[in-house]
Amino acid sequence: MGAPAVTAQPGRASPAARLLAVNFAACLLLLVQYLLGMAVNLYVSLPGRHPGVGASNYFAGVASGLAWVIPDGPAWAAAHAAFGLALVLAAFAAIALTRRQGSRLATAMSVLGALAILGAGFNGASFLNYGHAFSSMIMAGLWALALACYITGLLLGAHRLLRGSA
């Protein structure tokens, strides 16, 4: 059972080209998020007291921490958190676009990448609220996993594009 033929309609990118573009965009967004995270790491000292700090209800604390950091937190931290939320939305859009391509492996990579982004976000919120260094380490590891997933998707898209033009 082979993959569906890669054909393009005039004026529209082929499915393989769209797969390539989605994964390339995800890689770029992850790199921007990495740079924002490095700026936070180097230049931001989070206050010891803000909404969400030490919350006994984790999810309420996450909501309170995000509701504080984006409008009222340090600028680099606010940008990192806001971009992280946008990255979650982009990851779910990538799943939808990848599912239409008919490649199970590419879809699996998009789903795993989105889960890694979600996990990184929750660990970022944990770091914001509880200040544990291991939350930052987990966030970085999940970022790397997400990037690996989207690079794999990028390679799959390039392979499909080349195979379709051969």
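**Exercise 1. Place Leu-66 in the fold, then decide whether Leu-66 is buried, partly exposed or exposed.**

Step 1: Leu-66 lies in helix α2; helices here are DSSP runs of H or I with at least four residues, strands are runs of E with at least two, and both are numbered from the N terminus.

Step 2: Recall the classes: buried means under 20% relative accessible area, exposed means over 50%, and partly exposed is in between, with a 1.4 Å probe and protein chains only. Leu-66 has a relative accessible area of 25%, so Leu-66 is partly exposed.

Step 3: Look along the chain as well. Ala-125 is 59 residues away from Leu-66 in sequence, and their C-alpha atoms are separated by 7.3 Å.

A word on the model before we go on: it is predicted, local features need pLDDT of at least 70, side-chain atom pairs count only at pLDDT 80 or more, and totals for chains, interfaces and linings use all residues. Residues are numbered from 1 along each chain as its sequence is written, and side-chain values use heavy atoms, with hydrogens and water left out.

**Exercise 2. Describe the overall architecture of the protein.**

Step 1: Count the elements: there are 5 helices and 0 strands, which run α-α-α-α-α from the N terminus on.

Step 2: Take the extent along the principal axes; the C-alpha atoms fill a box of roughly 60 × 25 × 25 Å.

Step 3: Turn to burial. Of the 166 residues, 38% count as buried.

**Exercise 3. Characterise the largest pocket by its volume and its lining.**

Step 1: Start with the idea. Rolling a probe the size of a water molecule over the atoms shows where empty space is left. On a 1 Å grid over the protein atoms alone, a pocket is an open set of points where a 1.4 Å probe fits, with protein on both sides within 12 Å along at least five of seven lines; lining residues have an atom within 4 Å of a point.

Step 2: Read off the volume, the space filled by probe spheres set on the points: about 890 Å³.

Step 3: List the lining. It has 33 residues, of which Gln-33, His-80, Ala-120, Gly-124 and Met-139 lie nearest the pocket centre.

Step 4: Assign the lining to helices. α1 (15-43), α2 (58-72), α3 (75-99), α4 (104-130) and α5 (133-165) each supply at least two residues, and α4 gives the most, with 9 residues.

Step 5: Sort by chemistry. The lining divides into 24 nonpolar, 9 polar and no charged residues, where Ala, Val, Leu, Ile, Met, Phe, Trp, Tyr, Cys and Pro count as nonpolar, Asp, Glu, Lys and Arg as charged, and the others, Gly among them, as polar.

**Exercise 4. Compile a short profile of helix α1 from Phe-24, Leu-36 and Met-38.**

Step 1: Phe-24 lies in α1 and counts as partly exposed because its relative accessibility is 45%.

Step 2: Phe-24, Leu-28 and Leu-31 form a nonpolar surface patch with about 270 Å² of accessible area together. Such a patch joins nonpolar side chains (Val, Leu, Ile, Met, Phe, Trp, Tyr) within 5 Å, from residues with over 30% relative accessible area and no salt bridge, a salt bridge being a side-chain nitrogen of Lys or Arg within 4 Å of a carboxyl oxygen of Asp or Glu. Accessible areas come from the Shrake-Rupley method with a 1.4 Å probe.

Step 3: Leu-36, also placed in α1, is buried at 13% relative accessible area.

Step 4: Met-38 is in α1 too, and at 33% relative accessibility it counts as partly exposed.

Technical notes:
Patch = residues over 30% accessible without salt bridge, like charges linked within 9 Å, V, L, I, M, F, W, Y side chains within 5 Å.
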